Amino acid sequence: LGVRSQKRCVLRMANVSYTYFEAIHLALANASISVSLSSRIAIPGDNGSGKSALLKLLTGELVPQWGKVETHPNLRIGVYQAAACLATRGDAQGENT
């Protein structure tokens, strides 16, 4: 039936740490977040600070080595990758020929 409350948690990450294969340091260390339907989220940060790793962990593209990511059974996540879209748009306009 979906989520009936804007305040109910639909996505939760608890004490998650992740490192890429053979990396020297953790891409994400002991991160936690709780997201409801009324949440508005921004993820600023320097290059290499773990933003992409965080998003990939939240969408299930990566599996945490430590901690847990839980989603509401009716949650559907859509991903829009701007870099891929820009490259496609540039090709269609003949800019990359």
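## A first look at this protein

The accessible surface of the protein adds up to about 7400 Å², and carbon and sulfur atoms account for 52% of that. Keep in mind that this is a predicted model.

Let's start with the overall layout. The protein has two helices and three strands, and if you walk along the sequence you meet them in the pattern β-β-α-β-α. The protein has 97 residues, and 23% of them are buried. What about contacts between residues at least 6 apart in sequence? Of these, 57% link residues that are at least 24 apart.

Now for some individual residues. Here is how four of them sit with respect to the surface:

| Residue | Relative accessible area | Class |
|---|---|---|
| Tyr-18 | 10% | buried |
| Tyr-20 | 36% | partly exposed |
| Ile-43 | 32% | partly exposed |
| His-72 | 9% | buried |

Take the two tyrosines to begin with. The count of aromatic pairs in this model comes to one. That pair is Tyr-18 with Tyr-20, arranged edge-to-face, with 5.2 Å from centre to centre and 90° between the planes. Why does the pair count as edge-to-face? Because planes over 60 degrees apart fall into that class, and here the angle is 90°. Tyr-18 is the buried partner, at 10%, while Tyr-20 is partly exposed at 36%.

Next up is Ile-43. You'll find Ile-43 in the loop that runs between β2 (28-36) and α1 (51-59). Which residues does Ile-43 touch, leaving aside those up to four places away in sequence? The answer is Lys-51, Leu-54 and Leu-55. For one of these, Leu-54, there is also a distance to look at: Ile-43 and Leu-54 are 11 residues apart in sequence, and their C-alpha atoms are 9.1 Å apart in space. Is Ile-43 buried or exposed? Neither, quite: its relative accessible area is 32%, so Ile-43 counts as partly exposed.

Last comes His-72, which also sits in a loop, this one between β3 (66-71) and α2 (82-92). His-72 has a relative accessibility of 9% and therefore counts as buried, since the cut-off for buried is under 20%. What does the side chain of His-72 reach? It gets to the backbone nitrogen of Asn-74, at 3.0 Å.

If you want to trace all this in the structure, try the loop between β2 and α1 for Ile-43, then the loop between β3 and α2 for His-72, and finish with the edge-to-face pair of Tyr-18 and Tyr-20.

Note on methods:
Residues are numbered from 1 along each chain as its sequence is written. This is a predicted model: local features need pLDDT of at least 70, side-chain atom pairs count only at pLDDT 80 or more; totals for chains, interfaces and linings use all residues. Side-chain values use heavy atoms; hydrogens and water are left out. Helices (H or I, at least four residues) and strands (E, at least two) are DSSP runs, numbered from the N terminus. Buried means under 20% relative accessible area, exposed over 50%, partly exposed in between (1.4 Å probe, protein chains only). Contact means heavy atoms within 4.5 Å. Accessible areas come from the Shrake-Rupley method with a 1.4 Å probe; for residues, only the protein chains shown count as cover. Rings of Phe, Tyr and Trp (its six-membered ring) pair if their centres lie within 6.5 Å; planes under 30 degrees apart count as stacked, over 60 as edge-to-face and the rest as tilted. A polar contact is a pair of N or O atoms within 3.5 Å; within protein, one must be able to donate a hydrogen and the other to accept it, and residues adjacent in sequence count only if both atoms are side-chain atoms.
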